[in-house]
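Let's take a friendly walk through a protein together. Have the sequence and the 3D view open as you read.

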Amino acid sequence: GAGPEEVLAALFHDVGNAPQAREMLRALRPDEPEPQMLSDPVLGEVGYERHEQVGAAFLRQLGFGDRVANAVGMHVEAKRYLCAKDRAYLDNLSAASVATLRH
C-alpha cells in the first residue's frame with residue numbers, strides 16, 4: 001500500500017484549484033500572472049491552469065514536506081506520461097480530466 005505522504009498527495013492533488021491556494025499565490029508572487037480557468041466547449045469549466053504548481057506551493061506554505069508537494073506538483077505530467085504509455089489509463093479518465101490534457 002501507499003505510505004502516508006503518498007496518500008496525502010493523492011488527497012490534495014487538485015488543491016491548486018481552491019481559491020485559498022490562488023490567494024496565497026497572489027500574496028507570494030504578486031507579479032506572476034493569475035492562473036486562468038480552463039474550459040471545454042461541452043463540459044464548461046474544468047479547472048485552473050498551472051493548478052499543480054499552485055497546489056505544490058500552497059502545500060509548502062502550509063508546512064507539508066517535499067514528498068507531498070513534489071507529488072502534487074508533478075501529477076499533471078505524470079498523468080500525461082501514463083496516458084501516452086497506457087491506453088487503458090487514458091480510457092479510464094473522466095471527461096473533465098481528459099479535457100484538461102488539451103491545455
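Is Asp-91 buried, partly exposed or exposed? With a relative accessibility of 48%, Asp-91 counts as partly exposed, because that class lies between the buried limit of 20% and the exposed limit of 50%. Keep in mind that you are looking at a predicted model.

**Salt bridges**

Side chains of opposite charge can pair when their charged atoms come close. This model has 10 salt bridges by the rule used here. Three of them are listed below.

| Pair | Closest N to O distance |
|---|---|
| Arg-29 and Glu-32 | 3.7 Å |
| Glu-32 and Arg-50 | 3.4 Å |
| Asp-91 and Arg-87 | 2.8 Å |

Asp-91 and Arg-87 sit in helix H5 (residues 87–91), 4 residues apart, or about one turn of the helix. An α-helix has 3.6 residues a turn, so residues three or four places apart point the same way. Arg-87 is exposed, at 58% relative accessibility.

Salt bridges with shared partners also link Arg-29, Glu-32, Glu-49 and Arg-50 into one network. Within this network, Arg-29 is partly exposed at 37% relative accessible area, Arg-50 is partly exposed at 23%, and Glu-32 is partly exposed at 31%. Glu-32 belongs to the loop between helix H2 (19–28) and E1, and Arg-50 to the loop between E2 and helix H3 (51–61), so their pair ties together parts that are 18 residues apart in sequence.

**The strands**

How do strands E1 and E2 pair? Strand E1 (residues 37–40) runs antiparallel to strand E2 (residues 44–48), with 4 bridges between them. A hairpin of 3 residues joins the two strands. Across the pair, Met-37 stands opposite Tyr-48, and Leu-38 stands opposite Gly-47.

In a regular strand the side chains alternate between the two faces of the sheet. E1 shows this alternation: Leu-38 and Asp-40 point to one face and are buried, whereas Met-37 and Ser-39 point to the other and are not.

**Two helices to find**

Helix H4 (residues 66–85) has 20 residues, which should span 28 Å at 1.5 Å a residue; its end C-alpha atoms are 26 Å apart, which agrees. Look for a bend of about 50° at His-75 in H4. His-75 is buried, and so are other H4 residues, including Val-72 and Val-76.

Finally, turn to helix H1 (residues 4–12), where Leu-11 is found. Leu-11 is exposed, with 65% relative accessible area. Together with Val-7 and Leu-8, Leu-11 forms a nonpolar surface patch with about 260 Å² of accessible area.

Definitions and conventions
Residues numbered from 1 in each chain as written. Predicted model: local features only at pLDDT ≥ 70, side-chain atom pairs only at ≥ 80, totals over all residues. Heavy atoms only, no water. Patch = residues over 30% accessible without salt bridge, like charges linked within 9 Å, V, L, I, M, F, W, Y side chains within 5 Å. Areas by Shrake-Rupley, 256 points an atom, 1.4 Å probe, with all protein chains shown as cover. Salt bridge = Lys/Arg side-chain N within 4 Å of Asp/Glu carboxyl O. Buried < 20%, exposed > 50% of the residue type's maximum accessible area, 1.4 Å probe, protein only. Pairing = 2+ DSSP bridges. Expected span 1.5 Å × (residues − 1). Bend = angle between axes of the 7 residues up to and from the residue.
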